[in-house]
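I set down here what I looked up in this structure, entry by entry. I began with a single side chain and then turned to the chain as a whole.

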Amino acid sequence: MFMLEYDVVVVGGGPAGCMAAKYAAKEGASTLIVEEDAEIGVPVQCAGLISKRAVEESEISDSKSFINCEIKGAVVHSHSYELRVESPDKRAFAIRRDIFDKELAKEAQKEGAEINLGSKVKSVKKREGETKLTITIATATANGEKEIRASAVIGADGVKSAVAKMAGLNVAKNYLNCVQIEGEYEIDDAFAEIFVGKNIAPGFFAWAIPLGAENIARIGLCIDKRFSPHPNPLLFLKRNLAEHPVIAKKYKGTSSNITAGTIPIPVGVGTGAGLRGQGRGQTVRIDKETGIMLVGDAAAQVKPITGGGVYYGMKCGKIAGETAAKACLTGDMKVLSSYERRWQKEIGKEIAFGLKVHRLRCVISDKDFDTIFHTLSQEKVLQHIKREGDMDYPSVVFREFLKHPRLFKLMTRNILKYLYTK
Ligand SMILES: Cc1cc2nc3c(=O)[nH]c(=O)nc-3n(C[C@H](O)[C@H](O)[C@H](O)COP(=O)(O)OP(=O)(O)OC[C@H]3O[C@@H](n4cnc5c(N)ncnc54)[C@H](O)[C@@H]3O)c2cc1C
């Protein structure tokens, strides 16, 4: 039977998958993206806040097409304090993810990658006696199922990655449960709002992100259900909209684009849990002449402090695509093992540090949050945040906080509390 063959098949057409496909094709590998949804970028499950650096990383020339507005800083609220942080040069943007993802897909196509939409990957298998991987795809058209062969498969299929399960790549992760609406909300167009507190968003934070249009914002939150009295984030969102002293006052009662989603919080990244044994890491599996890799949410390449995964997904996507192409074109699949080393080198330490901060955040009391905010509001510390604050690499600022004797003492107490809770 005639069967289509590619060097690289990428499962999932999100930011990580499109970037991986773009770089595999750019390096000369025949590349196919298989996406289960009928349209790239839809449905959207994202607050759409990304840094200027991430916009640059996307390499999309017409950024006007997907940017809602520029964000100059954030107003962060604890129970009794509010901290306003403005960064003159480290700007961020609220974006439309549906358009952003479509643009990324177009860029991949320009480099020669093909895209199959409405096609769900059901299995990835190495059949007895065959040299390539067989990918079985369910499609809405024709007779409903087809098979494709490839030397390398990149699983960019998001937080619930089926490719990871099929390949036995157990990326250790916890999950945040999230919910978000778009609604009428009185907001300064240039500032995102963040809210922390045990009853507001246990284990994480709530947000309101301006969209540039007259008083419309994305209002949402995530919770870490291990530290929440209730696993449903919608309960907290409804309460915030109705009762939170700031959110309820600013929210005008209309809502649209309700979305729920999950964010993976990586466990064990950057801690030396890299390649375990020959040819098998957390995100790479090599079987002689074939290989499977994971990228983006599927590999839990997410910032544990903010939950942002778009920038890291694109960054790691480039490495995955390049490496897969190199392995396929040289016929040396062992090359794939360099993928895990390379991405861990880029972001492993940042993720590992972020994970520690996330763990502490889960046990910090509202009173301690107030102490932290009060201390940070002192001019010297605030200046440091303004100068060094970086949403893609937040560890720089957090490390500096710990030099403050009061915060060091508070954090030490909370480390003990976390260990005790655990
Ligand atoms: C509420 C919420 C708010 C967020 N806000 C932000 C934010 O402000 N900034 C930020 O940087 N990040 C944010 N994130 C995280 C961000 O959305 C993800 O990190 C990012 O989308 C990951 O990109 P990805 O390409 O790895 O996966 P995805 O974007 O999830 O793409 C995976 C793709 O794979 C497809 N797929 C899945 N299974 C299959 C299959 N079997 N066959 C074929 N296709 C398949 C899916 O349809 C999907 O298109 C947020 C997440 C949530 C839930």
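**Entry 1: Phe398**

Is Phe398 buried, partly exposed or exposed? I worked on a predicted model throughout. In this model, Phe398 has a relative accessible area of 24%. Buried would require under 20% and exposed over 50%, so Phe398 counts as partly exposed. I located Phe398 in helix 11, which covers residues 395-401. Setting aside neighbours within four places in sequence, I found Phe398 in contact with Ile305, Phe353 and Val357. I also looked up its separation from Ile71, which is 327 residues away along the chain. The two C-alpha atoms are 21 Å apart.

**Entry 2: The chain as a whole**

I noted 12 helices and 18 strands in the protein chain. The radius of gyration is 22 Å, and the globule rule gives 22 Å for 422 residues, so the chain is as compact as a globular protein of that length. Along the principal axes, I recorded a C-alpha trace of about 70 × 45 × 40 Å.

I then turned to burial and surface. Of the 422 residues, 55% count as buried. The chain exposes about 18,800 Å², and carbon and sulfur atoms supply 53% of that area.

What share of the contacts with a separation of 6 or more comes from residues 24 or more positions apart? I noted a share of 70%.

For charge, I recorded 61 positive and 51 negative side chains. The centres of these two sets lie 7 Å apart.

**Entry 3: Ser228**

I found Ser228 in the loop that runs between strand 15 (216-224) and helix 5 (233-243). Its relative accessible area is 14%, so I entered this loop residue as buried. Which backbone oxygen lies 2.6 Å from a polar atom of the Ser228 side chain? I identified the backbone oxygen of His230. Beyond four places in sequence, Ser228 touches Pro202, Ile223 and Phe236.

**Entry 4: Glu107**

Glu107 belongs to helix 3, residues 97-110. I checked whether this acidic side chain belongs to a buried or an exposed residue; at 11% relative accessible area, Glu107 is buried. I noted a polar contact of 3.1 Å between the side chains of Glu107 and Lys110. Leaving out residues up to four places away, Glu107 touches Lys22, Glu59 and Ile60.

**Entry 5: Strand 16**

I looked up two residues here. Asn257 is placed in strand 16. Its phi is near 45°, a positive value in a residue other than glycine.

Ile258 is also in strand 16, which covers residues 251-266. Is Ile258 buried or exposed? I recorded 60% relative accessibility, which is over the 50% cut-off, so Ile258 counts as exposed. Outside its neighbours within four places, Ile258 is in contact with Gln180 and Ile181. I also took the distance to Gln45, which is 213 residues away in sequence. From C-alpha to C-alpha, Ile258 and Gln45 are 9.3 Å apart.

**Entry 6: Gly73**

I placed Gly73 in strand 5, residues 73-77. With a relative accessible area of 15%, Gly73 is buried. Which residues does Gly73 touch, when those up to four places away are not counted? I listed Val85, Glu86, Ala190, Phe191 and Ala192. I also looked up Ala172, which is 99 residues from Gly73 in sequence. The C-alpha atoms of this pair lie 33 Å apart.

**Entry 7: Backbone geometry in two loops**

I checked the peptide bond between Val42 and Pro43 and found it to be cis, with omega about 5°. Pro43 is in the loop between strand 2 (31-34) and strand 3 (49-51).

Lys288 sits in the loop between strand 17 (284-287) and strand 18 (290-294). I noted a phi near 50° for Lys288, again a positive value in a residue other than glycine. At 73% relative accessible area, Lys288 is exposed.

How values were computed:
Residues numbered from 1 in each chain as written. Predicted model: local features only at pLDDT ≥ 70, side-chain atom pairs only at ≥ 80, totals over all residues. Heavy atoms only, no water. Helix = DSSP H or I, 4+ residues; strand = E, 2+ residues; numbered from the N terminus. Rg over C-alpha atoms; globule rule 2.2 N^0.38 Å. Buried < 20%, exposed > 50% of the residue type's maximum accessible area, 1.4 Å probe, protein only. Contact = heavy atoms within 4.5 Å. Areas by Shrake-Rupley, 256 points an atom, 1.4 Å probe, with all protein chains shown as cover. Lys, Arg positive; Asp, Glu negative; His and termini not counted. Charge placed at Lys NZ, Arg CZ, Asp CG, Glu CD. Polar contact = N/O pair within 3.5 Å; in protein donor to acceptor, adjacent residues only side chain to side chain.
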